[in-house]
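Work through the exercises below with the sequence and coordinates open. Each task is followed by a solution in steps.

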Amino acid sequence: MRSGRSPSTTALLITEALGERTLRFSELRNEVEGVSHKMLTQNLRMLQRNGLVARTVYPIVPPRVDYELTEAGRGLRKTVDAMCDWTHRYLGHIDDACRRFDA
């Protein structure tokens, strides 16, 4: 797990992962490498609160919850794509810097 990853980096990676798709929580967790359950939950709530992610709960057993970008989230994604390219390029550097800083 990449424990040093900042919430803002995780939010960018979630936005990129959702793209034009609708994903369940477990699918998102698989898409965003190394994210903890807690960090993914916190970031999804923040993105939902800011109107960038829509959460749909289906009244079935077992429960099903889907996440997708809202219109505002899709608009932001164009900018996020460039930032995600940078993040992927330097993710190892970011993780190393966080580990050195936290040591």
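## Exercises on a predicted chain

In this predicted model, 36% of the 103 residues of the protein chain count as buried.

**Exercise 1. Describe the overall fold and extent of the protein chain.**

Step 1. The protein chain has 4 helices and 3 strands. Along the sequence they follow the pattern α-β-α-α-β-β-α.

Step 2. The radius of gyration is 14 Å, close to the 13 Å that the globule rule gives for 103 residues, so the protein chain is as compact as a globular protein of that length.

Step 3. Along the principal axes, the C-alpha atoms fill a box of roughly 45 × 30 × 20 Å.

Step 4. Take the contacts between residues at least 6 apart in sequence: 57% of them join residues at least 24 apart.

Step 5. The accessible surface comes to about 6,700 Å², and carbon and sulfur atoms account for 52% of this surface.

**Exercise 2. Compare the end-to-end span of H4 with that of a straight helix, and locate the kink.**

Step 1. H4 has 32 residues, and at 1.5 Å a residue a straight helix would reach 46 Å.

Step 2. The end C-alpha atoms of H4 are only 38 Å apart, which falls short of that value.

Step 3. A kink of about 65° is found in H4, centred on Tyr90.

Step 4. The buried residues of H4 include Thr87 and Leu91. Gly73, Val80, Cys84, Ile94 and Asp95 are also buried there.

**Exercise 3. Which residues pair in salt bridges within H4, and how far apart are they in sequence?**

Step 1. Side chains of opposite charge can pair when their charged atoms come close. The cut-off here is within 4 Å, from a side-chain nitrogen of Lys or Arg to a carboxyl oxygen of Asp or Glu.

Step 2. Arg77 and Asp81 meet this cut-off at 3.7 Å, N to O. They are 4 residues apart in helix H4, about one helical turn.

Step 3. Asp96 and Arg99 form a salt bridge at 2.6 Å, and these two residues of helix H4 are 3 residues apart.

Step 4. An α-helix has 3.6 residues a turn, so residues three or four places apart point the same way.

Step 5. Asp81 is partly exposed at 27% relative accessibility, and Asp96 is partly exposed at 35%.

Step 6. Glu20 joins Arg77 and Asp81 in a network of salt bridges.

**Exercise 4. Where in the chain do the partners Arg21 and Glu31 lie?**

Step 1. The closest N and O atoms of the Arg21–Glu31 salt bridge are 3.3 Å apart.

Step 2. Arg21 lies in the loop between helix H1 and strand S1, while Glu31 lies in helix H2, 10 residues apart.

Step 3. Arg21 is partly exposed at 37% relative accessibility, and Glu31 is partly exposed at 43%.

Methods: Residues numbered from 1 in each chain as written. Predicted model: local features only at pLDDT ≥ 70, side-chain atom pairs only at ≥ 80, totals over all residues. Heavy atoms only, no water. Buried < 20%, exposed > 50% of the residue type's maximum accessible area, 1.4 Å probe, protein only. Expected span 1.5 Å × (residues − 1). Bend = angle between axes of the 7 residues up to and from the residue. Rg over C-alpha atoms; globule rule 2.2 N^0.38 Å. Contact = heavy atoms within 4.5 Å. Areas by Shrake-Rupley, 256 points an atom, 1.4 Å probe, with all protein chains shown as cover.
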